[in-house]
Amino acid sequence: MKEEQKSLILKISSQYPPPQGVKLSYGTAGFREDASILVSTVYRVGILAALRSLKTQSVIGLMITASHNKVNDNGVKIADPSGGMLTQDWEPFADRLANAQDPQNLIELIVEFVEKENIPLHWDGMRSAEILLGRDTRPSGESLLQAAKQGIDSIIGAVSVDMGIVTTPQLHWMVRARNQGMKATEFDYFQQISDSFRCFMGLIPTKSDQVSEGADKLIVDCANGVGGEKLIALKKMLNGKAMEVRNSGLEGEGELNERVGADFVQKEKVVPLGFGTEDVGISILLSELRCASLDGDADRLVYFTVASNNTSRIDLVDGDKMLSLFAIFIKDQIGILKGEGAKKTTNNYEPRLGVVQTAYANGASTDYLKNLGLEVVLTPTGVKYLHEKAAQYDIGIYFEANGHGTILFSQSFLSWLEAENKELSSTSKGSEEQKAALRLLAVTKLINQAVGDALSGLLMVEAILKHMGWSIHKWSELYQDLPSRMLKVIVKDRTAVVTTNAETEVVKPTGIQDAINAEIAKCSRGRSFIRPSGTEDIIRVYAEASTQEAADSLANSVAKLVDQFLNS
Ligand code: 16G
Ligand code: MG
């Protein structure tokens, strides 16, 4: 590495000393801490982003957000060229960079890594790395953004482009679009999803028993986060969509994530602030009221209805149900396109459809999906694992129960679908087969294939419900969730728990799995697992069973086991 480059890093990094006595770690979704100690970390992630861009010779994203966490927290994560999460191979380097104690130490790490990875550095002033920067609405975002810019400026030839305040999925989408040679501004994002939504809606069969427009209403809780402003903008582009935006976070309306948002609603199963009696859903034929919640950076979405008997309780329609809805729709459309009556077109291509969940998926959802004849696989918790698995299919649908998920389409499927549509539009224009092809094409543009996206997910759900002619109640009744319970146990060392088989079995400490199995065996339809959290210093316990009492008691017994094995 040239002296000029080294001295630039030395000079700038000396203004960003790391916090003392803190061990930082690039967890499930990047670094996340109290914002007051993150400046040096974000600076160093700026350096990492520049190196990643040089290595891949592609545009990289850097997002400043702490998602559903409290407003004083913040975080930083990287979007890789595909728009997905940073490759896991680089995470250890991110940890070492963030924890380097002084500028000299930092330089040594960078030099060693650049050599090992063979990263082409440039000194001739050529623009050779480009990083798109985004941040959510947190007050600490602006100063952290400046630190990220300084990190990028520490690598010669790297430039940053500030995309402003955006949702996490918007930034991921922009990175993906840029690397595909497409236009990638926020306007382009809104245009793509609103155009494809309209296209989808235009293909909806007209049935007399459908819920009529105007009678049905959607109310969206935006967690007082970045999703509020963006949903209002999207609504404008979709003039006519009956939708009310609440907890938008605009004009000082409420605190970010404070008793609002998808994480709160999904975990607590009560209404977010700003919702109450007036929002009780009516399931009579022509009137329907459904609610949805986004999280603080709009990459998670859940639906719910307000229960009529007790106004703070909700009926939750979670990520598992969204997965089921999407899977049914896609399977149906493929069926129309390839089914018995379909005209045999170009070839006999069979797209592989796969469904990806985590162990937190309600057992009833997994049974339901398997009964539909779908291939269901489990991965460990965290979007990067689900996404990676889903990418192995022609159509991979993944969701976490907490509402993060999307659909991925392979290049070969896209090419086949486009060819099929072309063929059908000349041989049988306007046929059901062609409409199915057009619907699937609209979905490939409507859904954000970079990462789970609450805004595009919301439009997908709305369009599919309309297509099916279903109310939220009908959707919710696809299957009945098994009662479940989640608990946290504080332990001395959470790394003492090591799991396997997508976190469904514990290999360490030895003996605990047998003890858990013995508890499970006492319950009807019992299932339970433990795992170290990737975002908090705790062990999480999950249990489900045929009754709420049994699920609670199983969770309590397993939590006791965790305490016995890890704290004594
Ligand atoms: C992060 C993950 C989320 C996961 C959660 C688990 C991303 C973008 N987010 O929020 O997918 O469900 O962590 O948290 O990957 P836990 O490890 O504390 O249970
Ligand atoms: Mg989030």
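## Strand pairing and the five-stranded sheet

Two strands are taken as paired if DSSP finds at least two bridges between them. In this predicted model, strand 8 (residues 288-294) and strand 9 (residues 301-306) meet that condition with four bridges, and they pair in the antiparallel sense. Within this pair, Tyr303 of strand 9 is the residue opposite Ala292.

Both strands belong to an open sheet of five strands, in the order 7-6-8-9-10, and the pairing in this sheet is mixed. The edges are formed by strand 7 (243-246) and strand 10 (314-317); each has a single partner strand, so one side of each has no neighbour in the sheet. From one strand to the next, the twist averages 25°. Strands of a sheet pair through backbone hydrogen bonds, in either the parallel or the antiparallel sense.

Helix 8 (residues 226-237) lies across three strands of this sheet, namely strand 6 (216-221), strand 7 and strand 8. The helix runs at about 160° to strand 7.

## The four-stranded sheet

A second open sheet has four strands in the order 12-11-13-14, again with mixed pairing. Here strand 12 (375-379) and strand 14 (405-409) are the edge strands. Each of them has a single partner strand, so one side of each is left without a neighbour in the sheet. On average, neighbouring strands are turned by 20° against each other, direction ignored.

Strand 11 (residues 353-358) and strand 13 (residues 395-399) pair in the parallel sense over four bridges. Val356 has Tyr398 in strand 13 as its bridge partner. Helix 10 (residues 319-338) packs on this sheet and touches strand 11, strand 13 and strand 14. The direction of helix 10 makes about 165° with that of strand 13.

## Ligand 1

The shell around ligand 1 has 16 residues, and the closest are Glu400, Ser533, Gly534, Thr535 and Arg540. By class, the shell divides into three nonpolar, eight polar and five charged residues.

Three side chains place an N or O atom at a short listed distance from a ligand oxygen. For Thr535, the distance from a side-chain N or O atom to an oxygen atom of ligand 1 is 2.4 Å. For Ser533, the corresponding distance to an oxygen atom of ligand 1 is 2.6 Å. The side chain of Arg540 also has an N or O atom 2.6 Å from an oxygen atom of ligand 1. On its own, ligand 1 has 450 Å² of accessible area, and the protein covers 92% of this.

## Backbone exceptions in two loops

Most residues other than glycine have a negative phi, and most peptide bonds are trans. Asn224, which is not a glycine, has a positive phi, near 55°. Asn224 sits in the loop between strand 6 and helix 8, and helix 8 is the helix that lies across strand 6, strand 7 and strand 8.

The other exception concerns a peptide bond. Lys508 and Pro509 are joined by a cis peptide bond, with omega about -5°. Pro509 is in the loop between strand 17 (505-508) and helix 17 (512-520).

Note on methods:
Residues numbered from 1 in each chain as written. Chains lettered and ligands numbered in written order. Predicted model: local features only at pLDDT ≥ 70, side-chain atom pairs only at ≥ 80, totals over all residues. Heavy atoms only, no water. Near = heavy atom within 4 Å. Polar contact = N/O pair within 3.5 Å; in protein donor to acceptor, adjacent residues only side chain to side chain. Areas by Shrake-Rupley, 256 points an atom, 1.4 Å probe, with all protein chains shown as cover. Nonpolar A, V, L, I, M, F, W, Y, C, P; charged D, E, K, R; others polar. Axes fitted to C-alpha atoms, helices over the stretch in contact; angles between N-to-C directions. Contact = heavy atoms within 4.5 Å.
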